[in-house]
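Colleague: Before I take this model to the bench, could you walk me through the words you use for it?

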Amino acid sequence: MSRPARLVASLDAPSPVTGFESAPSLVSGPGARFLVQRDDTHLIVRELAGWEPASTIRFPAPWPPGFGSWAVSPDAGLAVFAGRHALSAVDRSGRVRWELRHPCWAGCAGHPDASAYVDDRDHRYSGSGSAAFAADGKVVWAHVPGPSADGDPRGDDGGEEWLVLDAADGTVLARTGTGTVAAGSVHVPHPDPGQMGLTIGEGQDGSPLRWGRWDGRELTVDTFGGEDRVLLAVSPSGDRLLTVTHDQDTLAVHRTADGSVTAALDADAIPPHPAAAAEDDGDDEARAFFDYEGGFVDEDTVVAGTVESDEESGPGRHWLADPASPRPPDRIAYPVEVSGPPRALGDGNWYTASAAGSALLVWTL
């Protein structure tokens, strides 16, 4: 059956959307919410009062879009850019507060600034890492090639590292090897400032999952057996994790405490796209599979998409489900056309891009 969605807010992108790299997103901090967008020269952070635009902060970017990712502190006082050669932290005034250089993701000997590599194909399409702030904004977690240039000899094998850094000055507080060869990575924050998730994409080779705990003295990392699971989200309470298998066949809910699976939803529960089903000749191309996006609308309800598997047949579909329930997922019915996957906010709302991609649409049931 379908579940009708109600539009809560429509938020225009601060800058023109010219592609995936300039797509806006919503980021939540303690008691705050921000509309964030990367343009050619800045990271634009628009504070929201309720759902109304308030002040706008522009963090000068140290390199062009397409050469790294970014993270914003919970109070929007600091932005960290994770690039090909370094982590760079920029404050509201535009000043670089600290920088941590590391080996190049593209394997080069190093460049003094971005102008030396922006036209290099190897740099644009190299592997990459990511960074995220802990929930209280006091530390930054970062996935980088090792060793970083802070005088620590560990990691000399050239492998990748997971770092915990002091957000104030960039001091490396803890580090560990990830044992991965990344095409890319994404951090998934937890409400507890001492916990963080990291999902690492290795292309067709898999998607290792890492779960870190930092007690102020020691960093410990669990894998939860997740060498082939993409970590998508943490529930509002922090007690549950949502993953999808690398082959996109199964969504699963895990206990954060030990990674055990408490509920799972197989993609076979999703009917083929109506247009594909009408033309199905018995092969597997009509079969739906989950996107590498999804999250908790609330503690028990997850939202997920089958946009990628639907794209050959028609508009992508979004689904609401309680994976612990025997009831099949409900398709979400929107009053207007949307694009891309759904992204959950954990407060009963989720958002999508508008059909043209120039605005974010916030929804509830």
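Modeller: Sure, starting with pairing: two strands pair if DSSP finds at least two bridges between them. Helices (H or I, at least four residues) and strands (E, at least two) are DSSP runs, numbered from the N terminus. Take β19 and strand β20 (residues 240-245): five bridges join them, and they run antiparallel. The cut-off is at least two bridges, so β19 and β20 with their five count as paired. Within that pairing, Leu-231 stands opposite Thr-243 in β20.

Colleague: And what should I know about where the values come from?

Modeller: This is a predicted model, where local features need pLDDT of at least 70 and side-chain atom pairs count only at pLDDT 80 or more, while totals for chains, interfaces and linings use all residues. Residues are numbered from 1 along each chain as its sequence is written, and side-chain values use heavy atoms, with hydrogens and water left out.

Colleague: What makes β19 and β22 edge strands?

Modeller: They belong to an open sheet of four strands in the order β19-β20-β21-β22, with antiparallel pairing. β19 (229-234) and β22 (261-266) each have a single partner strand, so one side of each lacks a neighbour in the sheet. The twist there averages 25 degrees from one strand to the next, with axes being lines fitted to C-alpha atoms (for helices over the stretch in contact) and angles running from 0 to 180 degrees between N-to-C directions.

Colleague: Which strands stand at the edges of the β3-β4-β5-β6 sheet?

Modeller: That open sheet of four strands also has antiparallel pairing. At its edges are β3 (25-29) and β6 (52-60), each with a single partner strand, so one side of each is left without a neighbour. Neighbouring strands are turned by 30 degrees against each other on average, direction ignored. Strand β5 (residues 42-49) and β6 pair over seven bridges, in the antiparallel sense, and Leu-43 stands opposite Phe-59 in β6.

Colleague: Why is the pair Trp-141 and Trp-162 called tilted?

Modeller: Rings of Phe, Tyr and Trp (its six-membered ring) pair if their centres lie within 6.5 Å; planes under 30 degrees apart are stacked, over 60 edge-to-face, and the rest tilted. The count by this rule is three aromatic pairs. For Trp-141 and Trp-162 the centres are 5.1 Å apart and the planes stand at 50 degrees, so the pair is tilted. Trp-141 sits in strand β12 (residues 139-145) and Trp-162 in strand β13 (residues 160-166), 21 residues apart.

Colleague: How do you know whether Trp-141 and Trp-162 are buried or exposed?

Modeller: Buried means under 20% relative accessible area, exposed over 50%, and partly exposed in between (1.4 Å probe, protein chains only). Trp-141 has 0% relative accessibility, so Trp-141 counts as buried. Trp-162 has 1%, so Trp-162 is buried too.

Colleague: Which side chains of β26 are buried?

Modeller: Asp-330 and Ile-332, which point to one face; Arg-331 and Ala-333 point to the other and are not buried. In a regular strand the side chains alternate between the two faces of the sheet.

Colleague: How do you know which strands pair with β26?

Modeller: Strand β1 (residues 2-4) pairs with β26 in the parallel sense over three bridges, and the partner of Ser-2 is Arg-331. Two bridges join strand β25 (residues 318-321) to β26, running antiparallel, and Trp-319 also has Arg-331 as its bridge partner.
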